[in-house]
Amino acid sequence: MSMSAIAFDIPAEVRDAVEGLEAFVRREVFPRHEKHAALLNDEARRITPAGILPHEITDIIDEVRFASAKAGYYAMCAPTELGGGGLGLLAYFSAFERIYHLCGPRQWLAHHIVSHWAKGPSPVLKNLTAEAKVSMLPKIMSGEHTLCFGLSEPGAGSDAAGIQTRADFDGDGWRLTGGKIWTTNAPHAEYCIVFAVTDPEASAKRAGGISTFLVPLKAPGVSISRIIKMWGSPVGDEAELRFDNVRIEPHQLLGKLGQGFATAMLGVDLGRIYNSARGVGLGRWALDQAFDYVQVRKAFGKPISEYQGVTFPLAESAMQIHAAHLMAINVAFLKDRGERAVKELGMAKAFAVEAGARAVDRAMQAHGAMGMTNELLLTEAYSTLRKVNIADGSNEILRRQIVKEMLAGHRDL
Ligand SMILES: Cc1cc2nc3c(=O)[nH]c(=O)nc-3n(C[C@H](O)[C@H](O)[C@H](O)COP(=O)(O)OP(=O)(O)OC[C@H]3O[C@@H](n4cnc5c(N)ncnc54)[C@H](O)[C@@H]3O)c2cc1C
């Protein structure tokens, strides 16, 4: 797994973290997949009547997360003031790129090793209140409690500033009413990071007025009204949430009142880095499968690697994935240096997930009928990347941002 195609000087602390992470995956994840193969690969046992993962499986995920938290990988990119490792976006990208390249969709327990920005410790939590740091943070850092990110609503997706969920001040806290949709990990999370309107006038003018709260999913008035099963997965990890007059205490406020939209955008920026890593990592994983297979599969008396009709599409994807890799590393450096890099981040995410999905599709084609089976998991990698074309800013919204930046004179390319 060399980095030799990349000329960027990757800082030693990032390189070491990623090498350590790979060793951890080999030590802690691969053996668990072997040990629990009968359970993890049995479709019937992978789902409860409610349509979610059963406890037998979430217990294994927990085990991996706890081990990773103890080893220092889980919160490696969370702020040091929360007790995290304080590594930046280059580390975040590199960690997930390595995990997805190494494991693909097969050793998927590895996807839980480094805290996903919306599900655990991350810069999104940097402005927790002092009380929340005592009452909520320790179990979030240890991996015992996970989170979900409640921004999208049935009436507000791409135009997230148009959310209608309200938190009305009641003298000593707020009352939360409304609903969220597509909330990943809601079926298993302890808390939802909820974005709600606290100043309707300011919000209507798109001038702030949205605040962020950490809301326990077990709080009175919170309910999951629907488990949503997304394409490609038999179990539901997304859900629709209802908030009915839910009491919010002052210590649950995350960041400054009225400035929650900036927190939401910080989150989706992290999501764009994460998804760039998925595009590059899964794309490389799929190309590895394809380049191995075309050398052993024979047709018309020769390995199919002899046919340019088979291999040129793979070369095309190799070019695209390499470009995606360079773009993602570049934007991670820019962001770690404190630059805005709005169009570069949009370009990196849109390009990487499109290039990744195309690479997986081409790998499926090179495998013939085998590529269409559920056994190789190429189909799963494809559906994953196809879905993230929508999540964390659809690729149209990212193009819109690129255009806005270019029109505003940010023309560096
Ligand atoms: C797998 C998955 C997981 C998700 N997890 C979460 C989560 O955990 N938390 C959360 O809050 N949300 C989550 N989402 C929701 C996601 O953020 C939204 O789906 C996304 O913002 C798009 O919103 P929408 O689906 O309402 O589409 P819409 O906003 O209705 O858009 C519909 C179509 O119109 C296009 N479009 C809209 N406006 C424009 C424009 N101005 N110019 C050009 N095209 C435009 C869009 O690109 C899209 O193709 C998830 C989504 C997916 C697919």
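Reader: From which domains does the shell around the ligand draw at least three residues each?

Author: This is a predicted model, in which local features need pLDDT of at least 70, side-chain atom pairs count only at pLDDT 80 or more, and totals for chains, interfaces and linings use all residues. Residues are numbered from 1 along each chain as its sequence is written. Domain bounds come from an automatic or database domain assignment. At least three shell residues come from each of domain 2 (130-136 + 147-254) and domain 3 (262-407).

Reader: Which residues come nearest to the ligand?

Author: A residue is near a molecule if its C-beta atom, placed from the backbone, lies within 6 Å of it. Of the 20 residues around the ligand, the nearest are Leu151, Gly157, Ser158, Ser394 and Glu396.

Reader: How many residues of domain 1 are in contact with domain 3?

Author: Domain 1 spans 12-121, and its C-alpha centre lies 21 Å from that of domain 3. Two residues are in contact if their C-beta atoms, placed from the backbone, lie within 7 Å. The 23 residues on the domain 3 side are met on the domain 1 side by 16 residues.

Reader: What percentage of the residues of the protein chain count as buried?

Author: A residue is buried if 20 or more other C-beta atoms lie within 10 Å of its own, exposed if 12 or fewer, and partly exposed in between, with C-beta atoms placed from the backbone. Of the 413 residues in the protein chain, the buried share is 44%.
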